[in-house]
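Student: I'm new to this one. Could you walk me through it, one question at a time?

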Amino acid sequence: RANAHGNGEWEHMTVISGRVVVELDGEEVTLEAGESIRYSGDQPHGARNAHSGETRVMLVVVPLKELRERRIPHGPIPDED
């Protein structure tokens, strides 16, 4: 679990194998192998293995400052919940 970072980071998690439960500001989302999620690090969040065996994930953390400096589009995708 992590507290809100408060510095504009976005986190992108992809499940490589197994199953993971991602906790986002008190709610849970279950991801299976091959599924991904993107969320703001500015909220309480965490992840836990929801599989009886090993679960592997890839987590990419991108600070907003880096996005702005490199002029990379960021934020919610239009029509995204």
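Student: In which helix is Leu 67 found?
Tutor: Keep in mind that this is a predicted model. Look at the stretch covering residues 64-69. Leu 67 lies in that stretch, which is helix H1.

Student: Is Leu 67 buried or exposed?
Tutor: The relative accessible area of Leu 67 is 7%. A residue counts as buried when that value is under 20%. Leu 67 is therefore buried.

Student: What distance separates the C-alpha atoms of Leu 67 and Trp 10?
Tutor: Along the chain, Leu 67 and Trp 10 are 57 residues apart. In space, their C-alpha atoms are separated by 9.7 Å.

Student: Which strands stand at the edges of the open sheet S4-S1-S6?
Tutor: This sheet has 3 strands, paired antiparallel in the order S4-S1-S6. An edge strand has a single partner, so one side of it is left without a neighbour in the sheet. That describes strand S4 (36-40) and strand S6 (56-62).

Student: What is the bridge partner of Met 13 in S6?
Tutor: Strand S1 (residues 10-17) pairs with S6 in the antiparallel sense over 7 bridges. In S6, the partner of Met 13 is Leu 59.

Student: And in the sheet S3-S2-S5, what is the bridge partner of Val 22 in S3?
Tutor: That open sheet is built from 3 strands with antiparallel pairing. Strand S2 (residues 19-24) and S3 pair over 6 bridges. In S3, the partner of Val 22 is Val 29.

How values were computed: Residues are numbered from 1 along each chain as its sequence is written. This is a predicted model: local features need pLDDT of at least 70, side-chain atom pairs count only at pLDDT 80 or more; totals for chains, interfaces and linings use all residues. Side-chain values use heavy atoms; hydrogens and water are left out. Two strands pair if DSSP finds at least two bridges between them. Helices (H or I, at least four residues) and strands (E, at least two) are DSSP runs, numbered from the N terminus. Buried means under 20% relative accessible area, exposed over 50%, partly exposed in between (1.4 Å probe, protein chains only).
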